[in-house]
Amino acid sequence: MSLTDMTIAEAGAALAAKKISAVELTAAHNAAIAVLNPRLNAYITATPELALTQAQAADARIAAGGAGALTGIPLAIKDLFCTAGSRTTAASNILRPFVPPYESTVTQQLLDAGAVFLGKANLDEFAMGSANITSAYGTVENPWKRNGSDAKLVPGGSSGGSAAAVAARLALGATGTDTGGSIRQPASFTGLAGIKPTYGRCSRYGIIAFSSSLDQAGPIARTVEDCAILLQAMAGFDAKDSTSAERAVPDFRAAVKGGVKGKKIGIPAEYRTDGMSPEILRLWEQGVAWLKAEGAEIREISLPHTKYGLPVYYIVAPAEASSNLARYDGVRFGARVDGEDLIDMYERTRAAGFGAEVKRRIMIGTYVLSAGYYDAYYLKAQKVRALILRDFQTAFADVDAILTPTAPSAAFGLGEKMGDPVTMYLNDVFTVPASLAGVPAMSVPAGLSAEGLPLGLQVIGKHFDEETVLSVSAALERAAGFSALPTIRAGVSA
Ligand code: GLN
(Lines give C-alpha, C1' and ligand atoms only; values in the text may rest on other atoms or scores of the structure.)
Protein backbone atom coordinates (compact mmCIF):
# COMPACT_ATOMS: atom_id res chain seq x y z
CA MET A 1 0.00 0.00 0.00
CA SER A 2 1.26 3.47 -0.79
CA LEU A 3 2.22 5.58 2.21
CA THR A 4 -0.34 8.26 1.45
CA ASP A 5 -3.22 5.74 1.21
CA MET A 6 -2.87 4.44 4.76
CA THR A 7 -5.33 5.08 7.52
CA ILE A 8 -3.97 6.60 10.72
CA ALA A 9 -4.51 3.25 12.47
CA GLU A 10 -2.53 1.42 9.76
CA ALA A 11 0.26 3.99 9.65
CA GLY A 12 0.49 3.99 13.46
CA ALA A 13 0.87 0.20 13.49
CA ALA A 14 3.47 0.27 10.70
CA LEU A 15 5.45 3.00 12.50
CA ALA A 16 5.34 1.12 15.80
CA ALA A 17 6.51 -2.07 14.07
CA LYS A 18 9.26 0.03 12.37
CA LYS A 19 8.08 -1.11 8.93
CA ILE A 20 8.05 2.53 7.88
CA SER A 21 9.63 5.64 9.32
CA ALA A 22 7.94 8.92 10.16
CA VAL A 23 10.41 10.70 7.90
CA GLU A 24 9.50 8.62 4.84
CA LEU A 25 5.78 8.92 5.63
CA THR A 26 6.12 12.70 5.91
CA ALA A 27 8.33 12.98 2.84
CA ALA A 28 5.70 11.10 0.79
CA HIS A 29 3.06 13.59 1.91
CA ASN A 30 5.30 16.61 1.30
CA ALA A 31 5.88 15.32 -2.23
CA ALA A 32 2.17 14.77 -2.83
CA ILE A 33 1.40 18.29 -1.60
CA ALA A 34 4.04 19.75 -3.94
CA VAL A 35 2.36 18.03 -6.88
CA LEU A 36 -1.34 18.49 -6.11
CA ASN A 37 -1.68 21.56 -3.92
CA PRO A 38 -1.17 24.01 -6.79
CA ARG A 39 -4.29 22.46 -8.30
CA LEU A 40 -6.49 21.83 -5.25
CA ASN A 41 -5.37 24.76 -3.05
CA ALA A 42 -6.12 22.68 0.05
CA TYR A 43 -3.26 24.27 2.00
CA ILE A 44 -2.77 28.01 2.40
CA THR A 45 0.69 27.42 3.86
CA ALA A 46 2.61 24.16 3.52
CA THR A 47 5.42 23.68 6.06
CA PRO A 48 7.49 20.81 4.61
CA GLU A 49 10.73 21.55 6.48
CA LEU A 50 8.97 21.90 9.81
CA ALA A 51 7.13 18.65 9.10
CA LEU A 52 10.40 16.82 8.43
CA THR A 53 11.94 18.15 11.64
CA GLN A 54 8.89 16.95 13.58
CA ALA A 55 9.07 13.59 11.78
CA GLN A 56 12.71 13.15 12.81
CA ALA A 57 11.73 13.80 16.42
CA ALA A 58 8.90 11.29 16.04
CA ASP A 59 11.28 8.62 14.74
CA ALA A 60 13.58 9.26 17.72
CA ARG A 61 10.63 8.95 20.07
CA ILE A 62 9.52 5.68 18.44
CA ALA A 63 13.08 4.34 18.68
CA ALA A 64 13.17 5.27 22.37
CA GLY A 65 9.92 3.41 22.97
CA GLY A 66 7.82 6.40 24.04
CA ALA A 67 5.45 6.62 21.08
CA GLY A 68 1.69 7.03 21.10
CA ALA A 69 -1.01 6.43 18.48
CA LEU A 70 -0.26 9.74 16.74
CA THR A 71 3.52 9.79 16.89
CA GLY A 72 4.78 10.43 13.36
CA ILE A 73 1.30 10.84 11.84
CA PRO A 74 1.20 13.69 9.26
CA LEU A 75 -1.79 15.99 9.61
CA ALA A 76 -3.28 19.09 8.02
CA ILE A 77 -4.20 21.84 10.50
CA LYS A 78 -7.09 24.13 9.65
CA ASP A 79 -5.66 27.63 9.39
CA LEU A 80 -7.92 28.79 12.21
CA PHE A 81 -5.76 27.13 14.88
CA CYS A 82 -2.94 29.36 16.12
CA THR A 83 0.38 27.62 15.59
CA ALA A 84 3.38 29.22 17.28
CA GLY A 85 5.83 30.45 14.66
CA SER A 86 3.66 29.37 11.70
CA ARG A 87 1.53 31.95 9.93
CA THR A 88 -2.16 31.70 10.83
CA THR A 89 -4.53 33.59 8.54
CA ALA A 90 -8.13 32.42 9.16
CA ALA A 91 -8.17 32.69 5.34
CA SER A 92 -8.49 36.45 5.75
CA ASN A 93 -6.46 39.32 4.38
CA ILE A 94 -6.67 41.00 7.74
CA LEU A 95 -4.49 38.26 9.27
CA ARG A 96 -2.21 37.82 6.23
CA PRO A 97 0.96 38.77 8.14
CA PHE A 98 -0.03 37.18 11.48
CA VAL A 99 2.43 34.73 13.04
CA PRO A 100 1.04 33.70 16.44
CA PRO A 101 3.44 33.75 19.38
CA TYR A 102 1.54 30.89 21.01
CA GLU A 103 0.02 27.51 20.22
CA SER A 104 -3.67 26.54 20.46
CA THR A 105 -4.37 23.93 23.11
CA VAL A 106 -5.70 21.41 20.59
CA THR A 107 -2.63 21.66 18.35
CA GLN A 108 -0.34 21.62 21.38
CA GLN A 109 -1.95 18.37 22.50
CA LEU A 110 -1.47 16.90 19.02
CA LEU A 111 2.18 17.98 19.07
CA ASP A 112 2.61 16.46 22.51
CA ALA A 113 1.23 13.22 21.08
CA GLY A 114 3.95 13.37 18.41
CA ALA A 115 1.85 14.36 15.38
CA VAL A 116 3.53 15.97 12.37
CA PHE A 117 2.04 19.18 10.90
CA LEU A 118 2.22 19.31 7.10
CA GLY A 119 0.76 22.79 6.89
CA LYS A 120 -2.19 25.07 7.41
CA ALA A 121 -5.34 24.09 5.55
CA ASN A 122 -7.55 26.47 3.61
CA LEU A 123 -11.03 27.39 4.85
CA ASP A 124 -13.78 29.90 4.35
CA GLU A 125 -12.73 33.31 5.68
CA PHE A 126 -13.08 33.19 9.48
CA ALA A 127 -14.89 29.85 8.97
CA MET A 128 -17.93 31.59 7.50
CA GLY A 129 -19.22 29.55 4.60
CA SER A 130 -20.28 26.16 3.31
CA ALA A 131 -18.23 25.84 0.14
CA ASN A 132 -14.73 27.18 0.80
CA ILE A 133 -15.32 29.97 -1.68
CA THR A 134 -14.86 32.92 0.69
CA SER A 135 -11.14 32.38 1.39
CA ALA A 136 -8.88 35.34 0.60
CA TYR A 137 -6.36 32.71 -0.57
CA GLY A 138 -8.59 31.29 -3.30
CA THR A 139 -11.20 28.56 -3.53
CA VAL A 140 -10.45 24.92 -2.77
CA GLU A 141 -11.30 22.29 -5.35
CA ASN A 142 -13.01 19.07 -4.27
CA PRO A 143 -10.90 16.09 -5.41
CA TRP A 144 -14.12 14.30 -6.37
CA LYS A 145 -15.70 14.67 -9.84
CA ARG A 146 -19.17 13.90 -11.10
CA ASN A 147 -19.31 10.84 -13.38
CA GLY A 148 -18.11 11.77 -16.84
CA SER A 149 -17.64 15.43 -15.97
CA ASP A 150 -14.59 17.54 -15.36
CA ALA A 151 -16.51 20.40 -13.73
CA LYS A 152 -14.85 21.72 -10.57
CA LEU A 153 -16.85 21.02 -7.42
CA VAL A 154 -16.65 22.63 -3.99
CA PRO A 155 -15.31 20.58 -1.05
CA GLY A 156 -17.88 22.05 1.35
CA GLY A 157 -16.95 24.41 4.11
CA SER A 158 -15.75 25.91 6.12
CA SER A 159 -13.16 23.15 6.74
CA GLY A 160 -12.92 22.57 2.96
CA GLY A 161 -9.12 22.57 2.80
CA SER A 162 -8.88 20.05 5.63
CA ALA A 163 -11.37 17.77 3.87
CA ALA A 164 -9.82 18.13 0.40
CA ALA A 165 -6.33 17.44 1.83
CA VAL A 166 -7.41 14.21 3.53
CA ALA A 167 -9.53 13.02 0.59
CA ALA A 168 -6.76 13.69 -1.97
CA ARG A 169 -4.19 11.90 0.21
CA LEU A 170 -2.32 15.08 1.10
CA ALA A 171 -2.65 14.24 4.83
CA LEU A 172 -3.73 11.22 6.85
CA GLY A 173 -6.11 13.31 8.93
CA ALA A 174 -6.92 16.91 9.73
CA THR A 175 -8.24 19.23 12.36
CA GLY A 176 -11.41 21.11 11.59
CA THR A 177 -13.74 23.40 13.45
CA ASP A 178 -17.50 23.25 13.38
CA THR A 179 -19.74 26.17 14.30
CA GLY A 180 -22.80 25.14 12.30
CA GLY A 181 -21.59 22.16 10.29
CA SER A 182 -18.09 22.98 9.11
CA ILE A 183 -16.63 19.58 9.96
CA ARG A 184 -19.62 17.42 9.06
CA GLN A 185 -20.67 18.97 5.73
CA PRO A 186 -17.18 18.99 4.13
CA ALA A 187 -16.67 15.41 5.38
CA SER A 188 -19.93 14.47 3.66
CA PHE A 189 -18.90 16.24 0.43
CA THR A 190 -15.54 14.46 0.25
CA GLY A 191 -16.32 10.90 1.38
CA LEU A 192 -14.74 11.26 4.83
CA ALA A 193 -15.68 10.84 8.47
CA GLY A 194 -15.77 13.89 10.74
CA ILE A 195 -16.98 14.50 14.25
CA LYS A 196 -18.00 17.67 16.04
CA PRO A 197 -17.70 16.71 19.69
CA THR A 198 -19.82 18.09 22.51
CA TYR A 199 -19.40 21.82 23.05
CA GLY A 200 -16.70 22.10 25.71
CA ARG A 201 -15.01 18.77 24.91
CA CYS A 202 -12.09 20.37 23.03
CA SER A 203 -10.52 23.61 24.21
CA ARG A 204 -11.19 26.70 22.10
CA TYR A 205 -8.02 28.37 23.39
CA GLY A 206 -6.00 29.60 20.45
CA ILE A 207 -8.68 28.88 17.86
CA ILE A 208 -9.57 32.13 16.12
CA ALA A 209 -13.08 32.88 17.34
CA PHE A 210 -16.09 33.00 15.03
CA SER A 211 -19.10 32.34 17.26
CA SER A 212 -17.84 31.47 20.71
CA SER A 213 -20.96 29.71 22.01
CA LEU A 214 -20.96 27.38 18.98
CA ASP A 215 -17.32 26.89 17.87
CA GLN A 216 -15.92 23.40 18.49
CA ALA A 217 -12.80 21.68 17.21
CA GLY A 218 -12.87 18.16 15.88
CA PRO A 219 -11.15 15.77 13.48
CA ILE A 220 -11.72 14.85 9.83
CA ALA A 221 -10.25 11.53 8.70
CA ARG A 222 -10.86 8.56 6.40
CA THR A 223 -12.39 6.26 9.00
CA VAL A 224 -14.40 6.51 12.19
CA GLU A 225 -11.54 4.86 14.07
CA ASP A 226 -9.07 7.46 12.78
CA CYS A 227 -11.41 10.21 14.02
CA ALA A 228 -11.49 8.50 17.42
CA ILE A 229 -7.68 8.38 17.56
CA LEU A 230 -7.43 12.09 16.70
CA LEU A 231 -10.21 13.14 19.07
CA GLN A 232 -8.51 11.27 21.89
CA ALA A 233 -5.53 13.61 21.62
CA MET A 234 -7.52 16.78 20.86
CA ALA A 235 -10.03 16.53 23.73
CA GLY A 236 -9.70 17.35 27.39
CA PHE A 237 -10.19 20.03 30.01
CA ASP A 238 -8.24 23.25 29.62
CA ALA A 239 -8.15 25.92 32.29
CA LYS A 240 -7.39 28.48 29.57
CA ASP A 241 -10.92 28.11 28.08
CA SER A 242 -13.69 29.06 30.51
CA THR A 243 -16.22 26.93 28.61
CA SER A 244 -13.99 23.85 28.56
CA ALA A 245 -15.66 20.91 30.30
CA GLU A 246 -14.04 19.38 33.34
CA ARG A 247 -14.71 15.84 32.23
CA ALA A 248 -12.55 12.79 31.91
CA VAL A 249 -11.85 11.82 28.29
CA PRO A 250 -13.14 8.30 27.65
CA ASP A 251 -11.38 5.70 25.50
CA PHE A 252 -12.83 6.78 22.14
CA ARG A 253 -10.99 4.14 20.15
CA ALA A 254 -12.52 1.37 22.24
CA ALA A 255 -15.96 2.94 21.72
CA VAL A 256 -15.66 2.47 17.95
CA LYS A 257 -16.07 -1.26 18.45
CA GLY A 258 -19.11 -0.86 20.69
CA GLY A 259 -21.76 -1.96 18.19
CA VAL A 260 -25.42 -0.94 18.18
CA LYS A 261 -27.16 -4.03 19.51
CA GLY A 262 -30.08 -2.93 21.67
CA LYS A 263 -29.35 0.77 21.07
CA LYS A 264 -32.37 2.97 20.43
CA ILE A 265 -31.99 5.18 17.38
CA GLY A 266 -34.32 8.11 16.82
CA ILE A 267 -35.49 9.24 13.38
CA PRO A 268 -36.72 12.84 13.60
CA ALA A 269 -39.81 13.49 11.48
CA GLU A 270 -38.93 17.17 11.06
CA TYR A 271 -35.76 16.37 9.10
CA ARG A 272 -37.96 14.98 6.32
CA THR A 273 -38.16 18.42 4.74
CA ASP A 274 -40.37 19.41 1.84
CA GLY A 275 -38.55 18.97 -1.40
CA MET A 276 -35.90 16.71 0.10
CA SER A 277 -33.93 15.05 -2.68
CA PRO A 278 -35.14 11.47 -3.24
CA GLU A 279 -31.60 10.10 -3.18
CA ILE A 280 -30.91 11.70 0.20
CA LEU A 281 -34.15 10.20 1.50
CA ARG A 282 -33.19 6.76 0.12
CA LEU A 283 -29.77 6.95 1.73
CA TRP A 284 -31.36 7.82 5.06
CA GLU A 285 -33.77 4.88 4.78
CA GLN A 286 -30.84 2.66 3.91
CA GLY A 287 -29.06 3.85 7.05
CA VAL A 288 -32.12 2.97 9.12
CA ALA A 289 -32.19 -0.51 7.56
CA TRP A 290 -28.48 -1.04 8.25
CA LEU A 291 -28.80 -0.12 11.91
CA LYS A 292 -31.88 -2.31 12.29
CA ALA A 293 -30.02 -5.23 10.74
CA GLU A 294 -27.20 -4.66 13.26
CA GLY A 295 -29.66 -5.01 16.12
CA ALA A 296 -30.64 -1.41 16.85
CA GLU A 297 -34.19 -0.45 17.72
CA ILE A 298 -35.56 2.33 15.52
CA ARG A 299 -37.94 4.94 16.95
CA GLU A 300 -39.75 7.81 15.27
CA ILE A 301 -39.07 10.97 17.25
CA SER A 302 -39.98 14.62 17.02
CA LEU A 303 -37.70 17.65 17.25
CA PRO A 304 -40.46 20.23 16.80
CA HIS A 305 -38.32 23.38 16.67
CA THR A 306 -36.02 22.11 13.91
CA LYS A 307 -37.41 24.60 11.40
CA TYR A 308 -36.15 27.49 13.52
CA GLY A 309 -32.59 26.13 13.52
CA LEU A 310 -31.34 28.08 10.51
CA PRO A 311 -32.94 31.44 11.41
CA VAL A 312 -31.69 31.15 15.00
CA TYR A 313 -28.20 30.17 13.87
CA TYR A 314 -27.99 33.01 11.36
CA ILE A 315 -28.79 35.49 14.15
CA VAL A 316 -26.67 34.05 16.98
CA ALA A 317 -23.57 33.28 14.88
CA PRO A 318 -23.32 36.71 13.19
CA ALA A 319 -24.06 38.46 16.51
CA GLU A 320 -21.15 36.73 18.21
CA ALA A 321 -18.98 37.15 15.11
CA SER A 322 -19.57 40.91 15.01
CA SER A 323 -18.37 41.11 18.58
CA ASN A 324 -15.42 38.72 18.15
CA LEU A 325 -14.19 40.43 14.98
CA ALA A 326 -14.20 43.88 16.57
CA ARG A 327 -10.62 43.15 17.68
CA TYR A 328 -9.29 43.40 14.11
CA ASP A 329 -8.65 47.12 14.11
CA GLY A 330 -5.19 47.37 12.60
CA VAL A 331 -3.66 48.14 15.99
CA ARG A 332 -2.89 44.97 17.87
CA PHE A 333 -2.10 42.46 15.16
CA GLY A 334 -2.60 41.69 11.52
CA ALA A 335 -2.74 44.04 8.59
CA ARG A 336 -3.12 47.83 8.80
CA VAL A 337 -4.05 50.39 6.17
CA ASP A 338 -2.97 53.85 7.31
CA GLY A 339 -5.52 56.65 7.38
CA GLU A 340 -5.82 60.33 8.15
CA ASP A 341 -6.73 59.73 11.77
CA LEU A 342 -7.45 56.77 14.03
CA ILE A 343 -11.06 56.24 12.90
CA ASP A 344 -10.06 56.52 9.26
CA MET A 345 -7.31 53.93 9.84
CA TYR A 346 -9.83 51.54 11.45
CA GLU A 347 -12.24 51.97 8.55
CA ARG A 348 -9.66 51.52 5.83
CA THR A 349 -8.11 48.52 7.57
CA ARG A 350 -11.44 46.74 8.02
CA ALA A 351 -12.67 47.68 4.54
CA ALA A 352 -9.55 46.21 2.95
CA GLY A 353 -9.08 43.34 5.37
CA PHE A 354 -12.47 41.63 5.39
CA GLY A 355 -14.17 39.92 2.46
CA ALA A 356 -17.82 40.34 1.46
CA GLU A 357 -19.26 37.43 3.47
CA VAL A 358 -17.46 38.50 6.65
CA LYS A 359 -18.68 42.08 6.21
CA ARG A 360 -22.22 40.80 5.69
CA ARG A 361 -22.07 38.83 8.94
CA ILE A 362 -20.59 41.76 10.87
CA MET A 363 -23.42 43.99 9.63
CA ILE A 364 -26.15 41.43 10.39
CA GLY A 365 -24.63 40.81 13.80
CA THR A 366 -24.33 44.49 14.63
CA TYR A 367 -27.91 45.01 13.53
CA VAL A 368 -29.43 42.21 15.63
CA LEU A 369 -27.49 43.39 18.69
CA SER A 370 -28.34 47.06 18.34
CA ALA A 371 -30.70 48.91 20.69
CA GLY A 372 -34.28 48.43 19.61
CA TYR A 373 -33.57 45.23 17.69
CA TYR A 374 -31.83 43.25 20.41
CA ASP A 375 -35.11 42.06 21.99
CA ALA A 376 -36.76 41.38 18.67
CA TYR A 377 -33.93 39.32 17.19
CA TYR A 378 -31.05 38.35 19.43
CA LEU A 379 -32.98 37.74 22.63
CA LYS A 380 -35.72 35.95 20.72
CA ALA A 381 -33.14 33.76 19.00
CA GLN A 382 -31.60 32.89 22.38
CA LYS A 383 -35.01 31.81 23.64
CA VAL A 384 -35.70 29.64 20.60
CA ARG A 385 -32.21 28.17 20.93
CA ALA A 386 -33.21 27.00 24.41
CA LEU A 387 -36.28 25.32 22.90
CA ILE A 388 -34.11 23.55 20.32
CA LEU A 389 -31.93 22.27 23.14
CA ARG A 390 -35.02 21.12 25.02
CA ASP A 391 -36.21 19.20 21.93
CA PHE A 392 -32.98 17.19 22.01
CA GLN A 393 -33.16 16.63 25.77
CA THR A 394 -36.72 15.33 25.43
CA ALA A 395 -35.79 13.07 22.53
CA PHE A 396 -32.73 11.72 24.33
CA ALA A 397 -34.89 10.58 27.22
CA ASP A 398 -36.10 7.87 24.81
CA VAL A 399 -33.25 7.24 22.39
CA ASP A 400 -29.46 6.79 22.53
CA ALA A 401 -28.66 8.51 19.24
CA ILE A 402 -30.36 10.21 16.30
CA LEU A 403 -29.83 9.42 12.62
CA THR A 404 -30.27 12.05 9.88
CA PRO A 405 -28.67 12.96 6.57
CA THR A 406 -25.67 15.30 6.92
CA ALA A 407 -26.44 17.66 4.05
CA PRO A 408 -29.34 18.21 1.66
CA SER A 409 -27.19 17.49 -1.41
CA ALA A 410 -23.91 16.12 -2.67
CA ALA A 411 -21.04 18.52 -3.44
CA PHE A 412 -22.14 21.21 -5.86
CA GLY A 413 -20.24 22.99 -8.59
CA LEU A 414 -17.95 25.92 -7.99
CA GLY A 415 -20.06 28.93 -8.83
CA GLU A 416 -23.39 27.23 -8.07
CA LYS A 417 -25.65 28.37 -5.21
CA MET A 418 -23.99 31.75 -5.27
CA GLY A 419 -26.93 33.86 -6.45
CA ASP A 420 -27.92 34.87 -2.95
CA PRO A 421 -26.45 34.09 0.46
CA VAL A 422 -29.62 32.43 1.76
CA THR A 423 -29.32 29.61 -0.79
CA MET A 424 -25.86 28.90 0.60
CA TYR A 425 -27.15 29.02 4.19
CA LEU A 426 -29.69 26.26 3.38
CA ASN A 427 -26.79 23.78 3.18
CA ASP A 428 -26.61 23.87 6.95
CA VAL A 429 -30.21 22.85 7.62
CA PHE A 430 -29.35 19.41 9.07
CA THR A 431 -26.17 20.40 10.89
CA VAL A 432 -27.01 23.60 12.79
CA PRO A 433 -29.51 22.14 15.30
CA ALA A 434 -26.84 19.93 16.94
CA SER A 435 -24.51 22.95 17.06
CA LEU A 436 -27.15 25.11 18.73
CA ALA A 437 -27.83 22.35 21.28
CA GLY A 438 -24.10 21.70 21.82
CA VAL A 439 -24.51 17.95 21.34
CA PRO A 440 -21.93 15.77 19.53
CA ALA A 441 -22.58 14.85 15.90
CA MET A 442 -20.67 12.91 13.28
CA SER A 443 -20.85 12.50 9.52
CA VAL A 444 -19.92 9.15 8.04
CA PRO A 445 -19.71 8.33 4.32
CA ALA A 446 -22.66 6.11 3.45
CA GLY A 447 -23.03 5.98 -0.32
CA LEU A 448 -22.72 7.66 -3.68
CA SER A 449 -25.15 9.95 -5.46
CA ALA A 450 -26.43 9.10 -8.94
CA GLU A 451 -23.62 11.35 -10.19
CA GLY A 452 -20.99 9.33 -8.33
CA LEU A 453 -20.42 11.77 -5.45
CA PRO A 454 -20.16 10.85 -1.77
CA LEU A 455 -23.10 11.33 0.58
CA GLY A 456 -22.90 11.30 4.36
CA LEU A 457 -25.22 10.28 7.16
CA GLN A 458 -25.20 12.14 10.46
CA VAL A 459 -25.30 10.55 13.91
CA ILE A 460 -26.21 12.91 16.77
CA GLY A 461 -25.64 11.92 20.41
CA LYS A 462 -26.26 13.06 23.95
CA HIS A 463 -24.00 15.65 25.59
CA PHE A 464 -20.61 14.04 26.27
CA ASP A 465 -21.66 10.73 24.75
CA GLU A 466 -19.28 10.75 21.79
CA GLU A 467 -18.80 7.05 22.50
CA THR A 468 -22.28 6.16 21.26
CA VAL A 469 -21.89 8.53 18.31
CA LEU A 470 -18.68 6.72 17.35
CA SER A 471 -20.09 3.22 17.81
CA VAL A 472 -23.22 3.97 15.75
CA SER A 473 -21.13 5.70 13.07
CA ALA A 474 -18.77 2.73 12.94
CA ALA A 475 -21.74 0.38 12.47
CA LEU A 476 -22.93 2.49 9.53
CA GLU A 477 -19.39 2.57 8.14
CA ARG A 478 -19.14 -1.23 8.28
CA ALA A 479 -22.55 -1.69 6.66
CA ALA A 480 -21.92 0.89 3.94
CA GLY A 481 -18.48 -0.50 3.09
CA PHE A 482 -17.73 2.81 1.38
CA SER A 483 -14.63 2.27 -0.74
CA ALA A 484 -14.97 4.71 -3.63
CA LEU A 485 -12.01 7.05 -4.17
CA PRO A 486 -11.81 10.62 -5.42
CA THR A 487 -10.62 11.26 -8.98
CA ILE A 488 -7.81 13.60 -7.93
CA ARG A 489 -5.46 11.98 -5.43
CA ALA A 490 -1.80 11.45 -4.73
CA GLY A 491 -0.22 8.74 -6.79
CA VAL A 492 -2.74 8.86 -9.64
CA SER A 493 -3.08 12.57 -10.53
CA ALA A 494 -0.47 15.05 -11.57
N1 GLN B 1 -21.85 27.16 6.99
C2 GLN B 1 -22.01 27.70 8.31
C3 GLN B 1 -21.71 29.19 8.30
O4 GLN B 1 -21.39 29.70 7.27
C5 GLN B 1 -21.18 26.97 9.30
C6 GLN B 1 -19.78 27.40 9.33
C7 GLN B 1 -19.00 26.71 10.40
O8 GLN B 1 -19.44 25.70 10.96
N9 GLN B 1 -17.86 27.26 10.72
O10 GLN B 1 -21.81 29.84 9.31
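Begin by selecting Arg-169, which sits in the loop between helix 5 and strand 4. In this predicted model, Arg-169 shows a positive phi of about 70° although it is not a glycine.

Next, move to Ser-158, located in the loop between strand 3 and helix 5 (160-167). Display the backbone there: the peptide bond that joins Gly-157 and Ser-158 is cis, with omega at about 10°.

**The sheet**

Now colour the strands. They form an open sheet of 11 strands with mixed pairing, in the order 1-3-2-4-6-5-10-11-9-7-8. Select residues 43-46 and 297-301 to see the edges: these are strand 1 and strand 8, each of which pairs on one side only. From one strand to the next, the twist averages 30°.

For a view of one pairing, select residues 74-78 and 116-121. These are strand 2 and strand 3, which pair in the parallel sense over 5 bridges. Within this pair, Lys-78 stands opposite Ala-121 of strand 3.

**Helices on the sheet**

Add helix 7 by selecting residues 224-234. Helix 7 lies across strand 2, strand 4 (173-178), strand 5 (193-196), strand 6 (216-221) and strand 10 (441-448), and runs at about 145° to strand 6. Then select residues 466-480, which make up helix 16. Helix 16 packs on the sheet and touches strand 5, strand 7 (264-268), strand 9 (401-405), strand 10 and strand 11 (454-461). The direction of helix 16 makes about 5° with that of strand 10.

**A helix pair**

Select residues 309-324 and 356-369, which are helix 10 and helix 12. Their axes come within 7 Å and cross at roughly 100°. Helix 10 is therefore roughly perpendicular to helix 12, since angles of 65 to 115 degrees count as such. Show the side chains at this crossing: Tyr-314, Ile-315, Pro-318, Ala-319 and Ser-322 in helix 10 meet residues of helix 12, including Arg-361, Ile-362, Ile-364 and Gly-365.

**The ligand**

Keep Arg-361 selected and turn to the ligand. Around the ligand are 15 residues, of which Thr-179, Gly-180, Ser-182, Tyr-313 and Arg-361 come nearest. Three distances may be displayed in turn.

- Ala-127: a backbone N or O atom lies 2.8 Å from a nitrogen atom of the ligand.
- Thr-179: a backbone N or O atom lies 2.7 Å from an oxygen atom of the ligand.
- Ser-182: an N or O atom in the side chain is 2.6 Å from an oxygen atom of the ligand.

Finally, show the ligand surface: on its own the ligand has 290 Å² of accessible area, and the protein covers 100% of this area.

Key
Residues are numbered from 1 along each chain as its sequence is written. This is a predicted model: local features need pLDDT of at least 70, side-chain atom pairs count only at pLDDT 80 or more; totals for chains, interfaces and linings use all residues. Side-chain values use heavy atoms; hydrogens and water are left out. Two strands pair if DSSP finds at least two bridges between them. Helices (H or I, at least four residues) and strands (E, at least two) are DSSP runs, numbered from the N terminus. Axes are lines fitted to C-alpha atoms, for helices over the stretch in contact, and angles run from 0 to 180 degrees between N-to-C directions. Contact means heavy atoms within 4.5 Å. A residue is near a molecule or strand if one of its heavy atoms lies within 4 Å of it. A polar contact is a pair of N or O atoms within 3.5 Å; within protein, one must be able to donate a hydrogen and the other to accept it, and residues adjacent in sequence count only if both atoms are side-chain atoms. Accessible areas come from the Shrake-Rupley method with a 1.4 Å probe; for residues, only the protein chains shown count as cover. Angles under 35 degrees count as roughly parallel, over 145 as roughly antiparallel, 65 to 115 as roughly perpendicular and the rest as oblique.
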